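User: Can you walk me through this one? I'm new to reading structures, so plain words please.

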Amino acid sequence: MLHQQMDADIAARADWALRRQRGIPNNRRLWVLACMDERLPVEEALGIRLGDAHVFRNAGGIVTDDAIRSAMLTCNFFDTREIVVVNHTECGMMSATADQLVEALREKHIDLAKLSLNPAVPELKLSDPKAFGKWIGMFSDVDATCAAQVELLRAHPLIPSEVQIHGYVYEVETGRLRAPHQILGRRVNTAQEMRA
Ligand SMILES: [Zn+2]
């Protein structure tokens, strides 16, 4: 009967809209931390669709206070059971050093010592201007960075210890994911060199 189908559709839509109120987790019980880069197709790379995950993106896909805030909420209150970190090759976070950024901001007459990091929490300041370099989180090795983000999340007291946490590096050159330090091309080259 048509009305049964209509009622089922309406109920499904209500479940969708009221997920948080009804305690329905995302489909995969998954939280994703990824770089904001436009070359990184997070959903496509992970094979996930609308409804499957909470996706958090920032510059670099690194563990910041807001990443911890979001991961804490989804893991402790929205029944998320898995975290996947996705960093990528050719990331803009590797295109300059923290010192270079600090210098560039100084040239724009921005006083890093007085800067309020979060307009809603004006007391959140970097009292030591050198801490800005840590805060901005520039990096030079995407594999090491990816592994480090996983460890930071695993060690954080606000992330439940039973949450599964893994990291992957997306290669913008090949459009593929790999585990950190798992560079197939280099291994092939090494084997060729050994045969030579
Ligand atoms: Zn990036």
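User: Let's start with H109: buried or exposed?
Analyst: H109 is exposed, because only 6 other C-beta atoms sit within 10 Å. The rule is that 12 or fewer other C-beta atoms within 10 Å of a residue's own makes it exposed, 20 or more makes it buried, and anything in between is partly exposed, with the C-beta atoms placed from the backbone. Keep in mind that this is a predicted model: local features need pLDDT of at least 70 and side-chain atom pairs count only at pLDDT 80 or more, while totals for chains, interfaces and linings use all residues. Residues are numbered from 1 along each chain as its sequence is written.

User: Ok, and where is H109 found?
Analyst: H109 is in the loop between helix 5 and strand 4. Helices (H or I, at least four residues) and strands (E, at least two) are DSSP runs, numbered from the N terminus.

User: What's up with the phi of H109?
Analyst: Its phi is near 65 degrees, a positive value in a residue other than glycine. Most residues other than glycine have a negative phi.

User: Which other residue has a positive phi although it is not a glycine?
Analyst: H181 is one, with a phi of about 70 degrees. You'll find H181 in the loop between strand 7 and helix 8 (184–195). H181 counts as exposed because it has 12 C-beta neighbours inside 10 Å.

User: Back to helix 5. How many of its residues are buried?
Analyst: The number buried is 0 out of 10 residues (98–107), so helix 5 lies largely in the open.

User: What about strand 5, how many buried there?
Analyst: Also hardly covered: strand 5 (residues 121–125) has 5 residues, and the count of buried ones is 0. Strand 5 makes a hairpin with strand 4, with 2 residues between them. The two run antiparallel and are joined by 2 bridges. Two strands pair if DSSP finds at least two bridges between them. As an example, S116 has K125 in strand 5 as its bridge partner.

User: How is the chain divided into domains?
Analyst: There's domain 1 (27–96 + 138–195) and domain 2 (97–136). Those bounds come from an automatic or database domain assignment. The centres of the two domains, taken over C-alpha atoms, are separated by 25 Å.

User: Switching topic: in what order do the strands of the open sheet come?
Analyst: The order is 2-1-3-6-7, so to speak a row of 5 strands with mixed pairing. Strand 2 (53–58) and strand 7 (176–178) are the edge strands, each pairing on one side only. Neighbouring strands are turned by 25 degrees against each other on average, direction ignored. For angles like this, axes are lines fitted to C-alpha atoms, for helices over the stretch in contact, and angles run from 0 to 180 degrees between N-to-C directions.

User: What does strand 1 pair with?
Analyst: Strand 1 runs parallel to strand 2, with 6 bridges joining them. Strand 1 also runs parallel to strand 3, with 5 bridges. L30 shows both sides: its bridge partner in strand 2 is A53, and it stands opposite E82 in strand 3. C35 stands opposite N58 in strand 2.

User: How many residues of strand 1 are buried?
Analyst: 6 of its 6 residues are buried. L30, V32 and A34 point one way, while W31, L33 and C35 point the other way. In a regular strand the side chains alternate between the two faces of the sheet.

User: Now helix 7. Which of its residues are buried?
Analyst: V142, T145, C146, Q149, V150 and L153 are. Seen down the helix axis, these buried residues fall within an arc of 140 degrees (the arc of the directions from the axis to the C-beta atoms), so they line one face of helix 7. On the other side, E151 and A155 are exposed.

User: What covers the buried ones?
Analyst: The cover includes strand 1 (30–35), helix 4 (65–77), strand 3 (82–88) and strand 6 (164–171). Helix 7 lies across strand 1, strand 3 and strand 6, at about 160 degrees to strand 6.

User: And which residues does D143 touch?
Analyst: D143 is in helix 7 and touches V169, P180 and H181, leaving out residues up to four places away in sequence. Being in contact means that the two C-beta atoms, placed from the backbone, lie within 7 Å. D143 counts as partly exposed because it has 17 C-beta neighbours inside 10 Å.
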